[in-house]
Amino acid sequence: MLDMSDSAASRHRPSAGGVVISWPDLDPSPSAGWAHRHLLDVDQLTRAELERSLDLAVEMRERRIRRESLDLLRGEVVGLAFCEPSTRTRVSFELAAEALGAQVVELPIDVSSVTKGESLVDTLRTLERTGVTMVILRHSMSGAPYLAARSVAVRIVNAGDGSHAHPTQALLDALTLRDALGTLDGKKIAIIGDIGHSRVARSNLHALTALGASVWLAGPPSWVRGFDGWPGVQVADRLQDALADADAVMALRIQLEREAGGGVPSLREYTARWGLDADRLAAARPAAPVLHPGPTNEGVEITADLAASERSLIGAQVVNGVAMRMAVLALLAR
Ligand code: NCD
């Protein structure tokens, strides 16, 4: 736990926004004993590290509610390199870095030299020379953050690479589920839809199973093929089998930009067979929550009513996104 005793609090410097909390006031400091320079995917984290990052996110969330400013990232220059469209992920990383006192620079990808043919690595080298110390990288190419981490000395946070991984989304999903269910141990989590093209699903499979959940997948056959070999993962032939007695259900966006369209005859047929609505959710445990990483294809993966219902944690996922990213940045800071 972070030390918030009176003696620690008395060392805090007041600021316009409340109290500023610095490294020496945190005992232990978030990154003490944290061996990772980069966050490329959750499969690099042990169960203890996953739990520690979720606990730290809870701390960060409480401190945000108390409007405390933290300067754990003072001196860090965080570059946002989003080479693919993003709203919630980009904004939440920006808010998280600023909330921790970092200087944030946004790489204007559309007008930058990336569009003039400069390679990703060249662009990152230029950023490194200008003093950027951490890069939040989203890229359409699976593996791009791994290449970046090998090629430059700045720390890399993967904010989604192709259909491969989206570690901070999986962490914030795990946090949202742990808040709702108390624990993930022994829970049945159903993930429905476009698993094959989904970086969110892949990272979630690692995180949720490492935290003790069993994951059931259901979706059109070509989108779930090959996942039955994952430890702790079951592939259901029928939607009802995945939903039966599930403790929570996650729908995924159909990744049309990753040529997912070929996996189903039409979106209408997808909805008829795999779309989530209140009636279908009745097979899950009473009050089992429903999640979606957003953005949704409205009315395709989940009905608008269900997405807006009391069972929906979609809003909580967004709220947790900022706190979870604060925790990740604090863990990776020097
Ligand atoms: C996800 C992504 O970009 O992978 N969205 C997000 O990070 N908020 C999921 C998606 O786009 O379907």
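This tour moves through the structure one selection at a time.

**Before starting**

The model is a predicted one, in which local features need pLDDT of at least 70, side-chain atom pairs count only at pLDDT 80 or more, and totals for chains, interfaces and linings use all residues. Residues are numbered from 1 along each chain as its sequence is written.

**Stop 1: the whole chain**

Display the entire chain, coloured by secondary structure. The chain has 13 helices and 12 strands; helices (H or I, at least four residues) and strands (E, at least two) are DSSP runs, numbered from the N terminus. Of the 334 residues in the chain, 48% are buried. A residue is buried if 20 or more other C-beta atoms lie within 10 Å of its own, exposed if 12 or fewer, and partly exposed in between, with C-beta atoms placed from the backbone. Two residues are in contact if their C-beta atoms, placed from the backbone, lie within 7 Å. Among contacts between residues at least 6 apart in sequence, 75% join residues at least 24 apart.

**Stop 2: helix 3**

Select residues 88–99, which form helix 3. How far apart are the end C-alpha atoms of helix 3? They are 16 Å apart, which agrees with the 16 Å that its 12 residues should span at 1.5 Å a residue; the expected span is 1.5 Å times one less than the number of residues.

Next, highlight T89, S92, F93, A96, A97 and A99, which are buried in helix 3. Viewed down the axis of helix 3, its buried residues fall within an arc of 160 degrees, so they line one face of the helix. The arc is that of the directions from the helix axis to the C-beta atoms. Just after helix 3, select G101, whose phi is positive, at about 85 degrees.

**Stop 3: helix 3 against helix 13**

Add residues 314–332, which form helix 13. Two packed helices are described by the angle between their axes and the distance between the axes. The axes of helix 3 and helix 13 come within 8 Å and cross at roughly 50 degrees. That makes helix 3 oblique to helix 13. Axes are lines fitted to C-alpha atoms, for helices over the stretch in contact, and angles run from 0 to 180 degrees between N-to-C directions. Angles under 35 degrees count as roughly parallel, over 145 as roughly antiparallel, 65 to 115 as roughly perpendicular and the rest as oblique.

Helix 3 passes helix 13 in a right-handed crossing. A crossing is left-handed if the near helix is turned anticlockwise from the far one by less than a right angle, and right-handed if clockwise. Residues R88, S92, F93, L95, A96, A97 and A99 of helix 3 make the contact with V318, G321, V322, R325, M326 and L329 of helix 13.

**Stop 4: R325**

Select R325, which lies in helix 13. Is R325 buried or exposed? R325 is buried, because 28 other C-beta atoms lie within 10 Å. Leaving out residues up to four places away in sequence, R325 touches S92, F93, A96 and T168. R325 and L95 are 230 residues apart in sequence, and their C-alpha atoms are 8.9 Å apart in space.

**Stop 5: helices 6 and 2 against helix 13**

Keep helix 13 on display and add helix 6, residues 167–181. Helix 6 and helix 13 pack at an angle of about 120 degrees, with their axes 8 Å apart, and are therefore oblique to each other. The crossing of helix 6 over helix 13 is right-handed. Among the residues that meet here are T168, L171 and L172 in helix 6 and A316, Q317 and N320 in helix 13.

Now add helix 2, residues 47–65. Helix 2 packs with helix 13 at about 115 degrees, the axes being 8 Å apart. Helix 2 also passes helix 13 in a right-handed crossing.

**Stop 6: helix 5**

Select residues 144–151, helix 5, and within it the buried A144, P145, A148 and A149. They cover an arc of only 135 degrees around the axis, which puts them on the same side of helix 5. These buried residues pack against helix 4 (120–129), strand 6 (134–139) and strand 7 (155–161).

**Stop 7: three loops**

Select D245, in the loop between helix 9 (239–243) and strand 11 (248–251). D245 is not a glycine, yet its phi is positive, at about 55 degrees. D245 counts as exposed because it has 11 C-beta neighbours inside 10 Å.

Next, select A287, in the loop between helix 11 (278–281) and strand 12. Phi of A287 is also positive, near 65 degrees, in a residue other than glycine. A287 is exposed, with 10 other C-beta atoms within 10 Å.

Finally, select P295, in the loop between strand 12 (290–291) and helix 12 (304–307). The peptide bond from G294 to P295 is cis, with omega near -5 degrees.
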